[in-house]
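This report describes a protein model, with attention to its aromatic pairs, its helix packing and selected residues. The sequence and the structure are shown below for reference.

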Amino acid sequence: MAEHERRDAEAGGDAAAAAATHTSNMQRVKVYRLADGGKWDDQGTGHVSIEYIEGSKELGLTVLDEEDNETLLVHNITSDDIYRKQEETIISWRDHEAATDLALSFQEAAGCSYIWEHICDIQRNLQFSNLGALEVGPRQASESLEASRIMHSNDDSFRSANGEFRELPPVELSNLPFILKTVLEGGITDQIRVAELITQDRDFFPKLVDIFRTCEDLENLDDLHMIFKLVKGIILLNSPLIFDKIFSDEFILDIIGALEYDPEVPRVQKHRAFLKDHVVFKEAIHIENVSVVSKIHQTYRIGYLKDVILPRILDDATLASLNTMIHTNNASVISLLKDDALFIRQLFARMRSSDISMESKRELVLFLHEFCTLSKSLPLVQQLRLFRDLSGEGVFEIISDVLQSHDRKIVSAGTDILILFLNQDPNLLRSYIVQQEGLLGLLVKGMVTDFGEEMHCQFLEILRILMDSFTMSGAHRDVIIEIFYERHLDYLVDVIASSCPPRSISRSTSNFVGAGRNGEGHRIKPEILLNVCELLCFCVVHHPYKIKCNFLMNNAIEKILALTRRRERFLVVAAVRFMRTIISRNDEHLIRHVVKFNLLKPIIEAFVENGDRYNMLHSGVLELLEYMRKENIKTLVIYVIESFWDQLAKFEHLGCIQGFKLKYQQSAEPRLNVSVPDMRKKAEQRGLEKEEEDYFNEDSDEEDSGNGRRAKHAQNQHTKAKVPNGSEADNLEGASRPKSAGLVDYDDDDDEDFNPPPKEPAKPSEDDVPLNIATVKRRPVNAVDGKHADGEGRKRQKIETRISCAKITAVTSIASKHTDLQNKHAPHSPTASTSSTEANGVLREHGTNSEEHQHSVEASRQAGGDCIKDVGSMSTEKAVNTTNPSDSEPYSVR
């Protein structure tokens, strides 16, 4: 037994020693002082305690050296907010007496937490001037440090064995510091439990309100500050049940009164006076339901507390809960009112009455606006049912009357109501407009009327939703579009045209404000014109066929592009955007219309006038040209370059302009190949068929057919003289002689603009080889019926030739030597003899003198120019005129 007792005593001694060692470790700290160089100097290691300072009744921090028990630090704890806890083991502060920063570094985090909590308690007691409220006596840390740490988290008086709060202390002035500490410093679990205890205690808020009233009567600011912190902490518990109590009519004003005493605000706020004296509840129409009125008051006060009293204090979670309460109250109010059929009928009856004053009507419209706005709190099905009921009661008739008012505020409310209806169900308003067209006219007129505050944007939004082709269905679609385009589109276009200066006035020097035919142009703001242009762009996208017909018949595009003459740059950009929208439709008729009426001219002129300034106008026009290039709209590409290249040439350094010109060259190349073909290339591409080669190898009596050829040649010359370009004559002859492949007779069109330089016959170029024509052998032709003697069909005749303007020059030198021989042949027709060059290449007659020879050379040069110009219009028949080296006689082969 003795042995057992001895062992227990030893065990107890070991336990006590271990506890003492643990407590000592919790107390063990290092003291640091901030030196002038910004470094922390170690002042020594010791043990810290909180006790009364010798010779004073105030508590302070004392650190004794662990080796010789000398005092390392004595600090008087103050109520000033100078203490900071860093991480888990450091407490620092600014010591005003020592004029330096001090810090305690603890060996264990538990010791740091204990000292920090006691510092906070002492500050709170000093602030509340009530040191007896919380028992913090001059205990020695070495005696009760561990026990005090446990008591801080597990108070035996109000906690159960598992650490959960069993109850709150009675709501008395002396217990408020402990309640405040519990509310502010507890964990999430403790806060949830505290919120439950507060809601379960029916006397909590009545007693708290009584304490507040007592302190306010005694003007005890310290206690009032503490009550402010307690009420703020209770609100931050974010409990819906607590919100229901504090926002009730019984406690709300006192709660707001407690929140007037914010210790961080030097002056006491007057929230209750404002709510009582300045906030007036107006009833446009009397509400009989008391519950509805109570909900309305409560909602306003919650919003006031959220937005005015505690905006910088509320956290996100609490703010979301308050918004939810407001949303729920709004839904409850609207639901109760909409189910009251008598209330709705009375509301619309008063709004239709002609006996009410303008002020009463204004209040009714604003009430209806708020009623429709708050209906968004209802579920979607109930919202739709409500709007249908209001439509059945005649709400659109009321709005039509409101839009004719001169009061901007109620007009704005009316447009807001229409937008709410359109967002919910656009067909409700469309059905009304189909029956009553006047409302659409009021909307169009309102769009160009200056109501201020950018209300024209609301009219624009209404019209866009009304005519949105993607949401329209049934008969409403066609009817509403027809009404708008027949009665209102021209009006909007005229508004733009009348608000822009005429062409004779320069944009840079114009002071023109706008003069419309109805006199309204002077009062139309540029912002309104911008919205009208936006609406027209919307119509181009959604109603392409309908608006195209209007544009083509009325030339409305040119009127709208008058915006380019305005001095406001954003209106010029709007005009460019409008043209971009039209071109993006890629409609052939609209594109031809643009080209025909030169509608891109004002756009290009505005771009050129803008110069090298890099702005929206510059980018907009370049993007328009880039779109034409990428979409390969050849008609517009060719039109722009051929019409405006002189103006755009100075912007050729821009990559967009370079690409646009390159696209033009690619688009124009096929046209050039058709108008001015390469004769040599075409001659090389033409191959002779086998039967033609066989035919050329056969013998023919050229002498027998010579007279017939010359007679035929003269007849052809007479016919060609009557048709300038020769194409029609060739076609007629080809039609009468099917499958004829004779050579084409070149036309005799003069081209005064084209005069190629003369070629020297003595030094021909590499390509100017002598003109060699194979001897053509022909079968004899029956002069009576024009058919071949053997009865077979006349074979197609082709001669591969190489013709160039230089060759014609070479022919001229040979022809001048045989002038006498040419005069002996069959005479030409009067028309052919008077022309400068014949269509089939026969040269005019030359004299033997040098003057006539020189004249012949000039005629040949002119014929060379005509050759280039007329080759594009030649027919499938080919005619070649040259000089036969055997008899020096020009002839034609047909």
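Helices are DSSP runs of H or I with at least four residues, and they are numbered from the N terminus. By that numbering, Val479 lies in helix α21, which covers residues 475-487.

## Overall composition and confidence

The model is predicted. The protein contains 39 helices and 9 strands. Of its 894 residues, 44% count as buried. Among contacts between residues at least 6 apart in sequence, 68% join residues at least 24 apart.

The average pLDDT of the protein is 74, and 64% of the residues score at least 70. Two stretches in which pLDDT stays under 50 deserve mention. Over residues 129-157, pLDDT is under 50, and the model has 46 contacts beyond four places in sequence for this stretch. Residues 513-522 also stay under 50, with 19 contacts beyond four places in sequence.

## Aromatic pairs

A pair of aromatic rings is described by the distance of the centres and the angle of the planes. The structure holds 16 aromatic pairs. One of them joins Phe343 and Phe367, with 5.8 Å centre to centre and 75° between the planes, an edge-to-face arrangement. Because Phe343 belongs to helix α13 (residues 341-352) and Phe367 to helix α14 (residues 358-374), this pair ties together parts that are 24 residues apart in sequence. Phe343 has a relative accessible area of 4% and is therefore buried. Phe367, at 18% relative accessibility, also falls under the 20% limit and so counts as buried.

A further pair is formed by Phe387 and Phe421. Their ring centres are 4.6 Å apart and their planes stand at 70°, so this pair is edge-to-face. The pair links distant parts of the chain, 34 residues apart: Phe387 is in helix α15 (residues 380-392) and Phe421 in helix α17 (residues 408-424). Both rings belong to buried residues, with relative accessibility of 2% for Phe387 and 0% for Phe421. Phe387 and Phe421 are also members of one aromatic cluster that includes Phe396 and Tyr432.

An arrangement of another kind involves a charged side chain: Arg580 lies over the face of Tyr627, at 3.9 Å from the ring centre.

## Packing of helices α12 and α14

Helix α14, which carries Phe367, also packs against helix α12. The axis of α12 (residues 316-338) comes within 9 Å of the axis of α14, and the two cross at roughly 115°. The crossing of these helices is left-handed.

On the α12 side, the residues that meet α14 are Asn330, Ile334, Leu337 and Lys338, and their partners in α14 are Phe367, Phe371 and Leu374. Phe367 thus appears both in the contact with α12 and in the aromatic pair with Phe343.

## Val479 and Cys656 within their helices

Val479 of helix α21 has a relative accessibility of 31% and so counts as partly exposed. Val479 and Ile433 are separated by 46 residues in sequence, yet their C-alpha atoms are 9.2 Å apart in space.

Cys656 is placed in helix α31 (residues 655-675). With a relative accessible area of 16%, Cys656 is buried. Beyond residues up to four places away in sequence, Cys656 touches Leu622, Leu625 and Glu626. The C-alpha atoms of Cys656 and Glu623 are 8.4 Å apart, while the two residues are 33 apart in sequence.

## Backbone: two asparagines with positive phi

Most residues other than glycine have a negative phi. Which phi does Asn69 adopt? The value is near 60°, which is positive in a residue other than glycine. Asn69 is found in the loop between strands β3 (59-65) and β4 (71-76). Its relative accessible area is 58%, so Asn69 is exposed.

Asn632 likewise is not a glycine, and its phi is positive at about 55°. This residue lies in the loop between helices α29 (616-631) and α30 (634-648). At 34% relative accessibility, Asn632 counts as partly exposed.

How values were computed: Residues are numbered from 1 along each chain as its sequence is written. This is a predicted model: local features need pLDDT of at least 70, side-chain atom pairs count only at pLDDT 80 or more; totals for chains, interfaces and linings use all residues. Side-chain values use heavy atoms; hydrogens and water are left out. Rings of Phe, Tyr and Trp (its six-membered ring) pair if their centres lie within 6.5 Å; planes under 30 degrees apart count as stacked, over 60 as edge-to-face and the rest as tilted. Buried means under 20% relative accessible area, exposed over 50%, partly exposed in between (1.4 Å probe, protein chains only). A charge sits over a ring if NZ of Lys or CZ of Arg is within 6 Å of the ring centre and within 35 degrees of the ring normal. pLDDT is the predictor's confidence in each residue, from 0 to 100. Contact means heavy atoms within 4.5 Å. Axes are lines fitted to C-alpha atoms, for helices over the stretch in contact, and angles run from 0 to 180 degrees between N-to-C directions. A crossing is left-handed if the near helix is turned anticlockwise from the far one by less than a right angle, and right-handed if clockwise.
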